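Me: I am new to this structure and would like to learn how to read it, one feature at a time. Could we go through it together?

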Amino acid sequence: MSEPNKVILLVEDNQDDVVLTLRAFKRSHLMNPIEVARDGIEALDFLFARGAHADRASAPLPTIVILDLKLPKLDGLGVLKAIRADPRTQYLPVVILTSSKEEQDLISGYALGANSYVRKPVDFAEFLEAVKVLGIYWLMMNEIPPQSLPQ
Amino acid sequence: MNIRTKGWLAAATALGTIALISAAIGWANIEVHDADHQRRQTAEIARALNDLRLVTFEYILHRSDRAQVQEREASARLDRLLANAPFSSHEAAEVLAELREHTAAAHRIFEEFLASSSDPGATAYDAETTKRFEAQLSGRLLVLQQESLTAAFRLTDYSSQRINAAQQRVVVVIAIGLALIAITIAGIAWLIGHHVLAPIGRLQQATREVAAGNWSFELVADRRDEIGEMSRNFNAMTQALRDSFAQIEHKNEELAALNKEIEAFSYSVSHDLRAPLRSMDGFSLALLEDYGDKLDDDARDSLNRIRAASQRMGRLIDELLGLSRVTRTELSIRAVNLSAIAREIAESLKLQHPQRSVQWVIEDDMTVQADKPLMVIAMQNLLENAWKFTGKTEQAVIQVGTVEEDGARNCFVADNGVGFDMTYADRLFGAFQRLHHESEFSGTGIGLAIVQRIFRRHDGRIWVRAKPGQGATFYFNLKEPLHERTQQGHLAG
């Protein structure tokens with residue numbers, strides 16, 4: 001259904017949430033490859049081809065980053081800040097997907113340049129619907145800027 | 001030295017000066033009186049001298065026995081006067097002594113004169129000699145008497161001088177006294193200016209500073225008088241105020257830290273407690289979807305119950321967070337139109353449940369001074385409750401309005417729904433308190449706790465009147481008066 005070369009980076013530390021999110025993508029028939037980073041540092045390593053992901057130097061950036069806020073080592077807002085600070089990733093679509101409904105998180109998220117903020121509902125049926133809409137919008141409808149950007 | 005002592009000292013100086021002047025005048029009066037007496041005595045002496053001279057002459061001219069007797073009388077009188085003369089000064093005493101000598105000498109000459117004129121055995125030659133002797137005597141007598149008169153006049157002069165001197169002294173004393181009094185008054189004025197008015201001015205300035213909120217203002221309190229005492233007390237007072245404020249500040253910091261902790265806790269609750277619930281719900285659904293055909297009805301029912309419970313706990317967590325958010329958010333007080341809020345909520349309820357027909361009666365222009373987001377939450381809870389509990393009522397009516405009671409205007413939200421027994425009314429506003437079974441009316445039992453907390457945060461109050469089967473009316477008021485249209489700047493900030 002969707003273009004299979006569009007990679008999704010899921011930054012999530014909770015294994016259950018990873019499994020459920022992958023299931024939700026699968027059930028929404030989104031077949032894109034999904035890379036999972038378990039903490040903020042790993043996410044940045046993946047994006048900037050560092051450390052364990054040094055071999056990704058020539059690989060394209062993911063189409064979208066789905067970012068949890070509460071993460072080990074470096075939290076979601078820190079990751080977002082680093083993404084926006086780097087010219088290679090400054091326009092990369094980032095969707096915050098989190099349990100938090102705190103006003104402060106919403107404000108900080110948008111202030112740091114998040115493209116979207118989605119709250120994980122407890123009801124999995126609702127979550128499924130959210131992931132489906134999210135995938136359709138960001139992977140099929142949204143146009144992203146070309147990879148090579150003027151510096 | 002304190003101001004009271006200084007004041008007493010100044011008053012004593014003025015009084016002392018006045019006493020001194022009075023004493024000087026009194027003394028001068030005595031002096032003048034005394035000198036006057038002397039002058040009169042001196043005049044008396046002069047008169048006696050004159051009398052003596054007259055009788056002496058009379059005897060020399062007429063040689064009458066009567067004149068002789070008179071001379072003796074006059075002489076004795078003069079002696080008496082001279083003996084009692086009221087002169088104490090050295091100068092006057094010398095003059096007096098001279099007078100006495102002259103008088104005595106004159107008397108002796110007169111006696112000689114008497115002796116020579118009464119000599120019966122005198123010859124013609126003798127008579128000639130006697131005549132010459134008598135002439136000589138009378139000449140000497142006259143000279144002596146003349147000198148005595150001069151001395152008497154000197155005494156008179158002396159008395160007059162004494163009177164003049166006394167009067168001059170009085171004038172000088174009065175002048176000096178007046179000058180002293182003037183200096184004392186000037187001193188008192190300076191004292192009041194420098195030691196009373198100026199420090200009071202500084203004190204006044206200090207009170208103004210402190211009243212304006214400058215708590216760190218310190219008075220210089222180096223004086224040893226009442227003002228110094230006052231300044232020290234004032235400084236002690238501001239110090240006490242500063243201490244209290246520091247204490248309050250400290251408590252506030254503690255509270256802020258506590259608030260931060262609660263916030264961190266809420267954040268964790270919001271994030272971490274929901275994750276396991278999502279897993280429970282998600283994997284239950286996964287089981288139902290993937291293995292539903294292999295499970296019997298009981299197993300599927302159990303899984304559905306797990307899902308329902310997870311979702312319900314999710315809602316409870318959300319509402320608890322809502323309750324804590326109501327406590328934590330900062331109030332921004334401004335005019336809030338309750339009527340508009342009520343109408344919006346009513347519209348959205350009608351849209352959500354188009355199958356229901358509820359009659360809404362909403363009073364126009366109900367305006368309160370309050371925090372708008374919180375008032376929206378409160379009204380939402382009250383109106384959703386009214387909507388919910390009229391769900392089984394035919395011809396449901398929900399009213400929003402104001403009512404005057406005990407001189408105060410209260411807002412109310414009334415419904416004609418199921419109502420409840422007032423016996424349980426006090427439990428109504430507690431968290432997780434429900435008066436109906438969830439199977440009858442759904443809900444978490446937290447809504448009214450949130451509503452009550454909102455009104456408490458506005459220093460307001462909410463209470464309820466209800467009867468089973470006849471609906472419930474929730475009354476509330478806020479500290480700020482209802483229908484207050486004028487913008488209150490100090491509250492809007």
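Me: Where is the place of His29(A)?

Reply: His29(A) sits in the loop between α1 and β2 of chain A. Keep in mind that this is a predicted model.

Me: What is phi like at His29(A)?

Reply: Here is the general idea first. Most residues other than glycine have a negative phi. His29(A), just after α1(A), takes a positive phi of about 60 degrees.

Me: Is His29(A) buried or exposed?

Reply: To decide, count the other C-beta atoms within 10 Å: 12 or fewer makes a residue exposed. His29(A) has 11 of them, so it is exposed.

Me: Where can I practise the same reading in chain B, say with Asp459(B)?

Reply: Asp459(B) lies in the loop between α9 (447-457) and β6 (461-466) of chain B. Its phi is positive, about 55 degrees, although Asp459(B) is not a glycine. Asp459(B) counts as exposed because it has 10 C-beta neighbours inside 10 Å.

Me: Let us go back to the helix before His29(A). How many residues does helix α1 of chain A have?

Reply: Helix α1(A), residues 15-27, has 13 residues. From first C-alpha to last it reaches 18 Å, close to the 18 Å expected at 1.5 Å a residue.

Me: Which residues of α1(A) are buried?

Reply: A general rule helps when you look at a helix. An α-helix has 3.6 residues a turn, so residues three or four places apart point the same way. In α1(A), the buried residues are Asp17(A), Leu20(A), Thr21(A), Arg23(A), Ala24(A) and Phe25(A).

Me: What do the buried residues of α1(A) pack against?

Reply: Within chain A, they pack against β1, β2 (34-37) and α5 (124-141). Helix α5 of chain B is also part of that packing.

Me: Then let us turn to the two chains together. How many residues does each chain give to the contact?

Reply: Chain B gives 15 residues and chain A gives 16 residues. On the side of chain B that touches chain A, the elements that give two or more residues are α5 (226-291) and α6 (297-328). Helix α5(B) provides the largest share of that side, twelve residues. Sorted by class, the side of chain B has five nonpolar, seven polar and three charged residues.

Me: Now a strand, please. Which way do the residues of strand β3 of chain A point?

Reply: Again, the general idea comes first. In a regular strand the side chains alternate between the two faces of the sheet. In β3(A), residues 64-67, Ile64(A) and Ile66(A) point one way, while Val65(A) and Leu67(A) point the other way, and all are buried.

Me: Which strands pair with β3(A)?

Reply: Strand β1 (residues 8-11) of chain A runs parallel to β3(A), and four bridges join them. Here Val11(A) stands opposite Leu67(A). Strand β4 (residues 94-98) of chain A also pairs with β3(A) in the parallel sense, over three bridges. In that pairing Leu67(A) stands opposite Ile96(A).

Me: How do I read a buried residue in chain B, such as Ser148(B)?

Reply: Start with its place: Ser148(B) lies in helix α4 (residues 124-211) of chain B. A residue needs 20 or more other C-beta atoms within 10 Å to be buried. Ser148(B) has 27 such neighbours, so it counts as buried.

Me: What is Ser148(B) in contact with, beyond four places in sequence?

Reply: Ser148(B) is in contact with Leu49(B), Leu99(B), His102(B) and Thr103(B). Leu99(B), His102(B) and Thr103(B) are among the buried residues of α3(B). That helix, residues 90-117, has 28 residues and reaches 40 Å from its first C-alpha to its last.

Me: Finally, which residues touch the most other members in the largest nonpolar core?

Reply: The largest nonpolar core has 42 residues, and those touching the most other members are Leu338(B), Ala378(B), Met379(B), Leu382(B), Leu383(B), Val451(B) and Ile454(B). Helix α8 (residues 372-389) of chain B gives the largest share of this core, nine residues. Domain 2 (223-328) and domain 3 (331-492) of chain B each supply at least three residues. As a close-up, Ile454(B) touches Val326(B), Leu374(B), Ile377(B) and Ala378(B), not counting residues up to four places away in sequence.

Technical notes. Residues numbered from 1 in each chain as written. Chains lettered and ligands numbered in written order. Predicted model: local features only at pLDDT ≥ 70, side-chain atom pairs only at ≥ 80, totals over all residues. Contact = placed C-beta atoms within 7 Å. Nonpolar A, V, L, I, M, F, W, Y, C, P; charged D, E, K, R; others polar. Core = buried A, V, L, I, M, F, W, Y, C linked by C-beta atoms within 7 Å. Domains from an automatic or database assignment. Expected span 1.5 Å × (residues − 1). Pairing = 2+ DSSP bridges.
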